[in-house]
Amino acid sequence: MGNPMKIRAAAKDGITEVKVLMSHEMETGLRKDASGNTIPAWFIAEISAKLNGKQVMTAQWGPSISKNPFLSFKIKGGKAGDKVAVTWVDNKGDTRTDEASVT
Amino acid sequence: MTRRFAVGLATCLAAAGLVAGAARAEGDKTIEGIEAYREALKDGNPAELFEAQGEELWKKKAGPKNASLETCDLGMGPGVVKGAYAHLPRWFKDTDKVQDAESRVLTCMTAIQGIDVSKYVAAKWGSPEKDELNAIATWISGMSKGDKVAVSTAHPKERQMFELGKRMFYYAAGPHDFSCSTCHGQEGVRIRLQDLPYIASPKGAAAGWTSWPAYRVSSGQMWGMQWRLADCFRQQRFPEPIYGSDVTVALSMFMAATSNGATMNTPGIKR
Amino acid sequence: MTSQPLNRRGFLTRVAALGLTTALGTTLAPHLARAEWNKAAFDGKSTADAMKALGASGTADSADVQILASDIAENGAVVPVQAVSKVPGTTRIAILVDKNPSTLAALFDVGPDMVADVTTRIKMGQTSNVTVLVEAGGKYFTATKEIKVTLGGCGG
């Protein structure tokens, strides 16, 4: 499940700018722990967003995205009160969805 | 032989001087680049994720008494969090001690929730217990963002704590005869690209005090001032101070009171 | 598009058209997501490798593609990068870090409801060229910038 995301969405001049912070380790699979064992890769592999239930953004990520990822993207349209939902799925199949209102 | 050596040395120094000059010009450009980098990080500080966790922990019922921390008195009255961090550390009547945010939270966990905090105190940095304390401190600090630092040294115990902190700041010891002031006791120095604030000056004290707790991008961890100070001790090759102990609160008191009037910019983000 | 095998988006679009998104989308999406993740592209060890896996050929530098990032990163663990495409009909944006063990950092599908302007933060193991690759109408356009890293971000 992971911890909640922080989502901010603001509409201006017909464009909604969405900023998302996600809580995730984003392990590369290249690091070793204190016993010398490789820490398995663990990262958000897919992220998507919906505006009022309609899919507006999809992306695939690799382990090169920073820990506790930040993402900002822009949607055409949207107005105050609209709902933006963001979903991530990691390479272990864990997923989390959070929602915010456009301001 | 001696003469040739001297000439050689002079040539060498001249060349070094040139290199230093070039390095300085290059350095200014580098610093501009670093400034742009730091600016880009400000929008979307992952510390927000920890603030949310801290708020949740503050409001969640926990411990043998199954109580939340919502009645905790951080110095502005029971349950008042807004603005509290900007007035800390301060003297508290119930404990007759000067406490910072983190040691005060331990008091509240003990008194209100009935939690035996010794395992929180002893827990390693990065452990779930310390992560909880860091998250709570992060949230409390965020509730003073934009406020002016206003730390009192009027009470005798506060004054005493300030003086102890100042003494600790200049106290040199350990295998390398280090003190806090070795790195933070003068203007305009840095280690690699890290500026070292002159903590004994109001500007330098503010640069440190008003930006912690901070999210550290290097480790992806949230650090409160207690952790930051423990790391200073480690770098000085001192024994690690006990979490929330007087010496740590004293150093915070020295920094906070020296930065009085500066604006809280917490939680921060650092390399 | 229509000649391509059924991909997830096409599938979901069709499912949505049938009014079944809720029923199928929630239960199947994570599984489908993992199945569709472009492993070959993310396994690419250089910009050339990753581009090949993405099917990008005949790439050309374009002033309509922008990569916005500071010239130097104080710490490679977190390097903010903004990728912008002004190329009409942009459908995909990729961010590639040439010298990273996994060169492809992110691959965005730019749908009709999205502005081709995304910002994220990437890890960089060392100073490297970072390329923004844009696909529009089956053509590929790039912008590349070297970002200096003072402290690598993969070793912790």
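## A tour of chains C, A and B

In this predicted model, 65% of the contacts in chain C with a separation of 6 or more are between residues 24 or more positions apart. Begin, then, by selecting chain C and colouring it by secondary structure. Four helices and nine strands should appear. Traced along the sequence, chain C gives the pattern α-α-α-α-β-β-β-β-β-β-β-β-β. Next, colour chain C by burial: of its 156 residues, 42% are buried.

**Chain C against chain A**

Keep chain C displayed and add chain A. The contact between them draws 33 residues from chain C and 31 residues from chain A. To find the parts of chain C involved, select α1 (8-17), α2 (21-36), β6 (104-109) and β7 (114-122) of chain C, the elements that each give two or more residues to the side touching chain A. Of these, β7(C) gives the most, with eight residues. Colouring this side of chain C by residue class shows 19 nonpolar, seven polar and seven charged residues.

Now isolate β7(C) together with strand β5 (residues 70-76) of chain A. The two strands run antiparallel and are joined by five bridges. For a reference point within the pairing, select Ser72(A), which stands opposite Thr119(C) in β7(C).

**Chain C against chain B**

Hide chain A and show chain B beside chain C. Here 14 residues of chain B are in contact with 11 residues of chain C. On the chain B side, the residues that touch chain C comprise seven nonpolar, five polar and two charged.

**Helix α5 of chain B**

Remain on chain B and select helix α5, residues 128-142. Place a distance between the C-alpha atoms at its two ends: they are 21 Å apart. This agrees with expectation, because 15 residues at 1.5 Å a residue should span 21 Å.

How many of the 15 residues of α5(B) are buried? The helix is mostly covered, with 11 of them buried. Select these in turn: Lys130(B), then the run written as Leu133(B), Asn134(B), Ala135(B), Ile136(B), Ala137(B), Thr138(B), Trp139(B), Ile140(B), Ser141(B) and Gly142(B).

Which elements do the buried residues of α5(B) pack against? To see them, add α2 (47-59), α3 (101-113), α4 (118-122), β6 (221-223) and α9 (225-235), which also belong to chain B. With these elements displayed around α5(B), the tour ends at the surroundings of its buried residues.

Methods: Residues are numbered from 1 along each chain as its sequence is written. Chains are lettered from A and ligands numbered from 1 in the order in which they are written. This is a predicted model: local features need pLDDT of at least 70, side-chain atom pairs count only at pLDDT 80 or more; totals for chains, interfaces and linings use all residues. The expected span of a helix is 1.5 Å times one less than its number of residues. A residue is buried if 20 or more other C-beta atoms lie within 10 Å of its own, exposed if 12 or fewer, and partly exposed in between; C-beta atoms are placed from the backbone. Two residues are in contact if their C-beta atoms, placed from the backbone, lie within 7 Å. Ala, Val, Leu, Ile, Met, Phe, Trp, Tyr, Cys and Pro count as nonpolar, Asp, Glu, Lys and Arg as charged, and the others, Gly among them, as polar. Two strands pair if DSSP finds at least two bridges between them.
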